[in-house]
2 protein chains.
Amino acid sequence: MNLKHSKQRDSIKEFLKGRKDHPTAAVVYENVRKTIPNISLGTVYRNLTLLADIGEISRIHVGDGVDHFDADISPHYHFICRECGNVMDMDMDKMDLEKAAGRNFCGEIEYHTICFYGKCEKCCEASIQKKHNVTLC
Amino acid sequence: MNLKHSKQRDSIKEFLKGRKDHPTAAVVYENVRKTIPNISLGTVYRNLTLLADIGEISRIHVGDGVDHFDADISPHYHFICRECGNVMDMDMDKMDLEKAAGRNFCGEIEYHTICFYGKCEKCCEASIQKKHNVTLC
DNA sequence: ATAATATCAGTAATTGTTACTACTTTTAGA
DNA sequence: TCTAAAAGTAGTAACAATTACTGATATTAT
């Protein structure tokens, strides 16, 4: 393997592993800067791309125009709140859809993604509070 | 409704309706230009966004960094060829996944998308031809 | 008709991401 | 443990997709 060690890449990977949300490159940059103040945004992008390419992290497209990254590479699905934009994991098994999909399809299906969209728990509570003008404890 | 009529918007909608693939804004622009030569790319973007917002078309994110648009707003899933980048419809029923997903989730699920990724029929054939150095009829 | 306003063309600005360049680290081998 | 090749880096410029702005035009209700 022609990969060399770098503390920048380590920090990026470590930061991602400590998060359960799905940060963007900009968020990774802002946070890794706390330990490596002069790290470059380009370095963050390059290493996120590299880590995703070699399969150590995964890149998530949720439709907000920004790439998100996830240290959890086990197969799972995502939920995106249309209110606050948060990306969270869905606690459900991965579906065996590819066999069903392949019945009417002549190419080769390699993998699939599912995104659920709606309003997350927090935003649901917030809108109830707003509607009834009360504060839940 | 504070919507006024415009031939630009009509052309955009009509072009989209005549396509079974899922063109990008740039492709829409290039084609609508054949009937309205001095239409602006900004107008295409604005109207695609407007039509998507009012639900007359849908915007598709497949992860290639470019937005695709689809005049077919009936619920269905997509396949994206990782070789040629084509976006096509999957001929399968929409799954009832939201009930299952909601069991361990406290927010409100409004809709979901599924994207299958792999190699399309054409690209499969092309790679077989390349491997065996033959031309299929 | 005409006034109000949605829409337009053209262009500038913004945003997320990638490429480039000269300098710095890492690491395998003498 | 030197040393030099290769990978990595910071900083910045470039890029591509998209959006915002501006003054002009088209549509529609009255």
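User: I'm looking at where chain B and chain A meet. How many residue pairs are in polar contact across that interface?

Analyst: Keep in mind that this is a predicted model. Across the interface of chain B and chain A there are 14 residue pairs in polar contact, counting pairs with both residues at pLDDT 80 or more.

User: Which elements of chain B give two or more residues to the side that touches chain A?

Analyst: Those are β4 (87–90), α4 (98–102), β5 (108–119) and α5 (121–132) of chain B. The largest share comes from β5(B), with 12 residues. Sorted by class, that side of chain B has 17 nonpolar, 7 polar and 7 charged residues.

User: And how many salt bridges are there between chain B and chain A?

Analyst: The count is 2. To see one, look at R82(B) and E110(A): their side chains meet in a salt bridge, 2.9 Å from N to O.

User: What does strand β5 of chain A do with β5(B)?

Analyst: Strand β5 of chain A, residues 108–119, runs antiparallel to β5(B), and 11 bridges join the two. For a spot to find on screen, try F116(A), which stands opposite H112(B).

User: How do I put a size on an interface?

Analyst: People often quote the accessible area lost when the parts come together. Here chain B and chain A bury about 2,800 Å² between them, with 64% of it on carbon and sulfur atoms. F105(B), Y111(B) and Y117(B) supply 18% of the area that chain B buries against chain A, more than any other three residues. If you'd rather count residues, 31 of chain B are in contact with 31 of chain A.

Technical notes: Residues numbered from 1 in each chain as written. Chains lettered and ligands numbered in written order. Predicted model: local features only at pLDDT ≥ 70, side-chain atom pairs only at ≥ 80, totals over all residues. Heavy atoms only, no water. Contact = heavy atoms within 4.5 Å. Buried area = accessible area lost by both parts, 1.4 Å probe. Salt bridge = Lys/Arg side-chain N within 4 Å of Asp/Glu carboxyl O. Polar contact = N/O pair within 3.5 Å; in protein donor to acceptor, adjacent residues only side chain to side chain. Helix = DSSP H or I, 4+ residues; strand = E, 2+ residues; numbered from the N terminus. Nonpolar A, V, L, I, M, F, W, Y, C, P; charged D, E, K, R; others polar. Pairing = 2+ DSSP bridges.
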